[in-house]
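Trainee: I should be grateful for a close look at one pair of packed helices. Please explain how the two are oriented towards each other, and then place that pair in its wider setting.

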Amino acid sequence: MDTSFDITLNTAVYAPFAFAIIIAVLWKAIGSKTAAAIAALSSGVSFVSALAACWGFYKLGSNMAMFAPAEQLYMLPQLCLSGVSAPMLFLAATVSLAATIYSLSLDIKNAKLYFVLLLVMQGGLCGAFTSANVLWMYMFHEFALVPTFIAMVIWGSAGKRMAAMQMAIYLTLGALVSLVGIIAVYAVTGAAGFNMEAISAAVVSKPVSQYWQYYIFAMLMFGLGTLVSLFPFYTWAPRTYACAPTAFAMLHAGVLKKFGLFMLIQFAIPVLPLGCADWSHTMAVLALFNVIYIGFVTMAQRDVKLMVSYSSVGHMGMCFLGLATMSVLGVGGAIIMMFGHGLSVALMLMLSNIVVNRTNQWDMMKMGGLYKRTPVLAGFFIAGTMATVGLPMFANFWGELAILTSLWSFSPAICALGATGLIFSAVYGLRAVARIFMGVPSGELSKNISSIADISGAERVAASVLVAVLILAGTCPGLITKPADVLLKSFPAYNQGK
Amino acid sequence: MQSLNLLLLLPLLSAAIIVLFLRRSKWLGAILSTASAAACFAVAVSILLGDSANSVFKSSLALFALGDFTFNVGLFYDSLTANMIFVVCGVGLLIHVYSIGYMDDDPAKGRFFAGMSFFMFSMTGIVLASNLFMMFVYWELVGFCSYALIAHYADTEVAREASKKAFIVNRVGDFGFLLGIIFCYATFGTTDFCELASIFWSFPDKASTFMGLLILCGFLGKSAQFPLQVWLSDAMAGPTPVSALIHAATMVAAGVFMMTRLSHIGFLTGEVLAVVLILCSLMAFCAGLWALGQNDIKKILAYSTLAHLGMMGAGIGLGAGLAMFHLTTHAFFKATLFLVAGSIIHACHHQQDIFKMGGIFKRMPVTSIVALVATLSIIAVPFFAGNYSKEAILATAFAKASQTGSALYDTAFALLICAAFLTPVYMGRLFFNVFLGRPHSKEAEEASESGLFMTVPLVILSVYSLGGAWGFVGGFSWLDGKFSGLLPAASTSFVGSFLAENAQYIHKAAGYDVFEWVALLVTLAGIAFACLVYGRAGGSDPVEGKMPALYKVLNKHGWFDDLYDWYVAKVQQRIAIFLATFADLFFIELLCVRGSGIVGAVVGQGVKKLHDCSANSQVKWMVAGVVLVFVLIFA
């Protein structure tokens with residue numbers, strides 16, 4: 001790889017940390033406006049660099065290596081891109097940009113701390129997906145996780161303590177179990193380090209016995225599954241997203257949550273294919289609970305933010321279904337789905353927060369008729385809903401299509417049950433649009449409807465960024481699938497099924 | 001043939017420009033959208049009159065590939081496409097022009113015309129799709145357009161519920177449709193129409209009934225047939241041009257188009273065709289009855305659309321060309337009728353009750369004459385377009401019934417004859433009450449003829465309602481054979497060649513000459529019945545007055561809505577609330593998660609108590625430990 005790739009990839013990951021340190025060092029000297037400007041600059045720099053790095057990687061076409069390493073920067077952890085990490089890095093950078101821009105429109109107490117935490121989280125997210133070393137992936141993941149917890153306690157809404165506590169316990173436990181799994185892989189294979197390529201090489205020369213694969217994969221599946229809210233370890237997710245400050249919720253639900261899936265796709269399944277094959281039916285059944293059971297639960301929600309949060313839990317089931325097939329098509333579909341869902345859920349969390357702030361009302365039954373006052377907001381909300389529902393031209397559709405297509409060869413019955421997700425998401429998604437924006441304002445809202453303003457400038461830019469990338473990926477899914485295809489084909493684990 | 005791409009790009013571009021820049025414009029959006037529709041029509045006509053109009057064209061472009069799976073974005077053009085593309089672009093353009101007049105006082109014109117352009121893009125996409133996956137993509141997009149345009153008057157309760165209902169009911173159908181497509185891909189490794197055709201033409205046994213039935217779900221949703229018909233009558237909450245374009249002439253006919261395409265390549269087995277035939281014949285009959293229980297002019301027409309879609313569906317079951325023939329003529333006369341309804345509603349300040357109209361003939365002569373032509377066409381008066389297509393379907397049903405003697409065709413024929421009798425009855429009821437007699441409301445008294453934007457498309461459409469079928473049956477070719485009747489010859493060849501073949505089959509059927517008279521008599525009987533019952537145009541429904549129980553049965557249209565409402569409110573929502581409260585909050589959240597937290601806390605408290613740090617307890621613990629070690633060593 002050339003130097004521009006080295007520079008851009010390192011910048012994408014380390015710039016947010018560097019800018020966070022700058023804000024911390026200049027703490028006394030700058031005001032909150034300046035801190036916000038620095039954060040915005042940082043997200044912009046990180047976004048542009050990530051875009052350049054991913055484009056550099058994409059340009060290689062079928063010459064792509066499995067892992068394209070960038071030169072190490074001093075003593076910092078080495079970074080590399082792969083067919084899965086490139087879209088994830090771009091997702092992280094995009095959602096970070098949108099979350100930061102959205103934060104500019106808010107009036108935040110203790111804003112300097114807020115932006116420092118936001119930047120650390122962004123750096124952690126970009127690093128988690130691009131680190132060449134499995135242990136460092138884990139460390140970066142913690143860098144992203146801890147700010148969420150702190151931010152929730154400081155800026156969260158009602159019920160934040162309980163939610164933060166639950167999230168911390170769940171995710172720490174999940175991460176811990178998967179860490180044990182990672183160490184077990186290292187111990188069993190006798191790899192020369194935690195480097196991704198070293199472990200891959202060790203597995204080839206000395207495959208893990210089926211006995212160990214079975215148990216280690218179970219640890220990784222449930223450990224990482226907890227991070228992705230796999231049934232029944234999902235209860236932390238809805239309340240976290242409803243309580244956390246929106247920018248952090250966007251980053252968590254949109255990006256950080258995909259880390260578990262990312263690790264399964266790039267690490268656990270390729271290293272432990274027999275273990276995955278043993279567990280794949282269990283995984284598929286649990287994922288169906290995510291789709292159907294959570295689908296019903298989502299339909300019953302009246303709180304708009306909880307509705308969006310539950311729906312994100314449901315959609316993770318779709319990704320797990322793709323993983324269960326252990327095929328290039330299914331896992332590739334899961335990658336598109338992760339990308340599309342990350343953008344759409346971030347968009348929906350942001351928009352639902354805007355709706356709640358504008359109306360001072362969380363109950364959708366008590367809203368109505370907003371579209372006359374907020375036509376642009378309504379337009380974005382419908383776009384976000386349609387992306388979640390899986391309308392073509394948005395990335396999510398291709399993910400669902402690929403997953404369901406590969407699922408038929410896995411099991412037609414599971415495919416049919418999984419496809420009910422299409423109906424569930426339409427029911428709750430359109431119900432929300434109808435109750436919030438259509439009809440006439442009800443109750444309290446009808447009195448102060450005239451004071452409600454449409455989406456503001458910063459909010460509009462943030463939403464536009466997310467929608468634009470959603471549509472870009474929705475019209476050119478090849479941008480995601482091409483690198484993914486190259487990587488997945490090179491793992492023997494994904495070439496057994498159809 | 002590369003200009004086929006323009007048919008997709010122009011309306012898409014227009015929609016994008018309007019959404020991004022012209023949302024609040026007064027007229028620019030309308031002009032841009034109409035211009036793109038006009039350009040599309042010009043492109044379509046130039047293709048249809050071009051040298052390669054009768055050829056088959058196929059292009060393909062890989063959108064993405066994962067493993068063995070490649071998603072192809074392809075265009076496919078053959079004689080079936082040629083037929084549909086003329087209908088979509090032609091009717092589409094006229095309705096765009098009409099909309100300029102109809103939506104003149106609407107504040108959200110930008111949104112409306114963006115939706116119309118996006119619809120034209122998606123609908124053309126369905127027509128040009130070269131494989132089932134691609135068709136599904138556009139299938140979903142037209143569903144979205146339908147949703148967005150039904151919700152145009154989003155502040156009304158009806159529009160809000162109807163738009164949601166339309167999308168969700170269609171999703172239920174698409175669920176089966178998608179599974180069918182995936183099943184097809186898993187079985188044959190392709191969903192490309194040409195490749196499937198070569199498989200089925202060499203090995204007809206490879207067609208699967210189950211696969212066909214799954215695909216059928218998509219048709220039942222989009223074309224609103226049993227048991228997914230409930231959304232169409234509610235969809236009338238949208239602006240009338242939308243009802244005309246999407247919910248009468250083109251989108252709902254997309255299901256028929258898709259089934260014709262598949263039946264043509266041998267995808268559908270005899271069993272699937274039998275199911276389609278019987279379901280759709282039943283719909284043709286029932287919807288005709290239900291139309292008699294409605295007072296809203298648009299709802300009457302909506303049920304009439306259901307009935308005619310049923311008739312097209314029966315055409316699929318009898319022979320694919322019949323369905324396309326009726327689809328084409330229906331697009332002309334039903335679009336005319338909806339636009340007439342829109343013209344009247346516009347003139348009567350959004351009064352839609354037919355019993356509050358009356359005497360329109362004197363006040364809106366052009367609209368009324370157009371309406372008369374379209375009405376004669378729909379009730380199948382000889383020489384009018386509707387007569388040819390409807391009689392072709394009836395005659396084939398009759399011929400199949402008399403030649404095979406199977407109960408299936410007998411039943412279908414009986415149902416279709418009843419449907420043919422009902423059409424003049426409900427259309428007569430509408431026509432007499434709206435146009436004749438005296439006005440029954442102030443709005444109707446003040447009605448005056450609509451402007452040129454509305455009347456010119458109406459007149460053109462009425463010409464097609466009269467003569468739209470001539471090109472298919474008579475071989476009236478002109479302009480070096482490039483035109484056949486009123487349509488480009490390329491657009492008539494699919495149906496024309498089918499009809500020529502079919503005619504020989506029909507004429508061999510015993511008693512065919514009697515049938516021809518029966519068909520005419522049924523129509524006349526229907527007209528006579530309508531005159532007798534509804535001819536007085538007295539400002540109320542005589543059936544409602546004299547036989548309220550019967551009227552209620554008609555009005556309830558089979559209690560399907562009540563059944564589904566009951567399911568949603570009493571079953572689905574209760575399951576959802578039960579799971580959300582009991583299973584989610586109580587069992588998992590409270591009992592399991594918090595419960596394990598409480599267990600941990602209690603154990604922790606207990607252990608803490610044991611360690612009170614006194615010398616006494618420390619000695620006790622030490623002794624207990626020593627004992628334990630000894631036990632472990634020696635045991």
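Mentor: Helices α9(A) and α13(A) are oblique to each other, because their angle of about 140° belongs neither to the range under 35 degrees nor to that over 145, nor to the range from 65 to 115. In this predicted model, α9 covers residues 236–243 of chain A and α13 covers residues 304–324 of chain A, and their axes lie 8 Å apart. The crossing of α9(A) past α13(A) is right-handed. From α9(A), the residues that make the contact are Ala237(A), Pro238(A), Tyr241(A) and Ala242(A). From α13(A) come Lys305(A), Leu306(A), Ser309(A), Tyr310(A), Ser312(A) and Val313(A). Sorted by class, the contact of α9(A) with α13(A) holds 7 nonpolar, 2 polar and 1 charged residues.

Another pair in chain A may be set beside this one. Helix α8 (residues 210–227) and helix α11 (residues 258–271) of chain A pack at an angle of about 155°, and 7 Å separates their axes. That angle makes α8(A) roughly antiparallel to α11(A), since the category takes in angles over 145 degrees. On the side of α8(A), the contact involves Phe217(A), Leu220(A), Leu224(A), Gly225(A) and Leu227(A). On the side of α11(A), it involves Phe259(A), Gly260(A), Met263(A), Leu264(A) and Ala268(A). The contact of α8(A) with α11(A) has 8 nonpolar and 2 polar residues, and no charged residues.

A further pair joins helix α15 (residues 375–389) of chain A to α17(A), with an angle of about 170° and axes 9 Å apart. Helices α15(A) and α17(A) are therefore roughly antiparallel to each other. Among the residues in contact are Phe381(A) and Ile382(A) of α15(A), together with Leu430(A) and Phe437(A) of α17(A). By class, this contact of α15(A) with α17(A) has 9 nonpolar, 4 polar and no charged residues.

Helix α17(A) also leads to the contact between the chains. That contact takes 43 residues from chain A and 36 residues from chain B. The side of chain A that touches chain B receives at least two residues from each of α12 (273–299), α14 (328–359), α16 (395–410), α17 (412–437) and α20 (478–490) of chain A. The most comes from α17(A), which gives 12 residues to that side. The side of chain A that touches chain B has 28 nonpolar, 12 polar and 3 charged residues.

Chain B offers strands to consider as well. Strands of a sheet pair through backbone hydrogen bonds, either parallel or antiparallel. In chain B, strand β1 (residues 57–66) and strand β2 (residues 69–77) pair in the antiparallel sense over 9 bridges. Within this pairing, Ser60(B) has Gly74(B) of β2(B) as its bridge partner. The two strands β1(B) and β2(B) form a hairpin with 2 residues between them, and Gly67(B) in the turn has a positive phi of about 60°.

Elsewhere in chain B, 3 strands form an open antiparallel sheet in the order β3-β4-β5. Strands β3 (477–478) and β5 (487–488) of chain B each have a single partner strand and stand at the edges, so one side of each is left without a neighbour in the sheet. Strand β4 (residues 483–484) of chain B pairs with β5(B) over 2 bridges, and Phe483(B) stands opposite Pro488(B) in β5(B).

Note on methods. Residues numbered from 1 in each chain as written. Chains lettered and ligands numbered in written order. Predicted model: local features only at pLDDT ≥ 70, side-chain atom pairs only at ≥ 80, totals over all residues. Pairing = 2+ DSSP bridges. Helix = DSSP H or I, 4+ residues; strand = E, 2+ residues; numbered from the N terminus. Contact = placed C-beta atoms within 7 Å. Nonpolar A, V, L, I, M, F, W, Y, C, P; charged D, E, K, R; others polar. Axes fitted to C-alpha atoms, helices over the stretch in contact; angles between N-to-C directions. Left-handed = near helix turned anticlockwise from the far one by under 90°.
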